[in-house]
Amino acid sequence: MTIYNDSLKSYTSTLLPKGFLLHGFGTKALSDFPQHIPHKLWISMNQVHETHIQHINTLPDNVGTLQLDQSDGVSTFLRDVLLTVKTGDCIAALYYDRKTQLIAISHQGWKGVLAHMSEKMIEHMRNLGSDPSDINVIMGPSIGHCCNRFSKPELRLFMEEFPADADRIIIPYADGEHLDTRTLTYLQCIKAGIQEKNFDTFSCCTKCMSDTFWSHRGGTYQSTDVNRVGWNFIMKIS
Ligand SMILES: [Zn+2]
């Protein structure tokens with residue numbers, strides 16, 4: 001279940017433990033991020049809509065921020081390392097291994113979903129010692145199929161890549177066919193071994209709720225405007 005945290009101006013999930021983890025999917029009300037969150041290192045990524053994932057295992061000396069190049073996913077065992085992705089319709093997903101206490105975050109728009117981003121993140125965590133049955137996954141707010149009309153050539157890519165799921169992810173609407181990247185992300189997580197009870201989702205559409213969330217499709221600004229994005233984050237607190 002997701003609930004609003006007024007002090008963080010973000011939505012959080014009851015599936016992630018309080019006190020030990022700080023996490024959230026930021027709303028438009030979240031400003032000056034991340035100054036109000038005490039941390040030793042802030043990790044952001046330039047997010048290139050691919051599936052490269054990095055692992056942070058040491059704190060660099062005298063550096064408080066790090067932007068990872070050519071990356072859409074990052075993990076760490078370290079405390080006080082703030083893992084972040086920015087979104088404005090794309091999906092942000094948070095991952096937490098209850099046993100090894102590995103945390104991770106990923107960004108996936110339709111290209112990342114097509115390229116199996118969540119499955120790749122879970123595989124990345126397996127390589128770091130995780131058993132998928134110990135991992136909780138939280139999917140943040142993103143554009144819903146209600147507002148996600150796609151062209152035929154793009155939809156064909158999904159039909160070819162996910163033939164068994166095509167009926168569940170391509171939805172007919174009066175104005176054409178729409179794509180359900182949220183259901184597909186859920187299906188990818190289940191296929192990768194995540195248990196249904198360990199998956200939580202914020203099932204609202206960012207465009208329909210563009211008064212609450214930043215939405216590229218719902219806004220009039222340029223997608224390159226870095227101040228008009230939602231910040232999503234996870235950190236282990238020391
Ligand atoms: Zn919508």
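**Close-up 1. Helix α2 passes helix α5 in a right-handed crossing.** Welcome to this predicted model! Helix α2 covers residues 117-127 and helix α5 covers residues 181-191. Their axes come within 8 Å and cross at roughly 30°. Angles under 35 degrees count as roughly parallel, so α2 and α5 are roughly parallel to each other.

**Close-up 2. Here are the residues where α2 and α5 meet.** Which residues does α2 bring to this contact with α5? Look for S118, E119 and I122 in α2. On the α5 side, you can find T185, Q188, C189 and K191. Sorted by character, the residues of this contact divide into two nonpolar, three polar and two charged.

**Close-up 3. Seven strands form an open sheet with mixed pairing.** To trace the sheet, follow the order β1-β2-β3-β15-β8-β4-β6. Which strands lie at the edges? They are β1, residues 2-5, and β6, residues 65-68, and each of these edge strands pairs on one side only. Neighbouring strands of this sheet are turned by 30° against each other on average, direction ignored. As a reminder, strands of a sheet pair through backbone hydrogen bonds, either parallel or antiparallel.

**Close-up 4. Strand β4 pairs with the edge strand β6.** In which sense do β4 and β6 pair, parallel or antiparallel? Strand β4, made of residues 41-45, pairs with β6 in the parallel sense, over four bridges. To find one bridge for yourself, start at M45: its bridge partner in β6 is L68.

Methods
Residues are numbered from 1 along each chain as its sequence is written. This is a predicted model: local features need pLDDT of at least 70, side-chain atom pairs count only at pLDDT 80 or more; totals for chains, interfaces and linings use all residues. Two strands pair if DSSP finds at least two bridges between them. Helices (H or I, at least four residues) and strands (E, at least two) are DSSP runs, numbered from the N terminus. Axes are lines fitted to C-alpha atoms, for helices over the stretch in contact, and angles run from 0 to 180 degrees between N-to-C directions. Angles under 35 degrees count as roughly parallel, over 145 as roughly antiparallel, 65 to 115 as roughly perpendicular and the rest as oblique. A crossing is left-handed if the near helix is turned anticlockwise from the far one by less than a right angle, and right-handed if clockwise. Two residues are in contact if their C-beta atoms, placed from the backbone, lie within 7 Å. Ala, Val, Leu, Ile, Met, Phe, Trp, Tyr, Cys and Pro count as nonpolar, Asp, Glu, Lys and Arg as charged, and the others, Gly among them, as polar.
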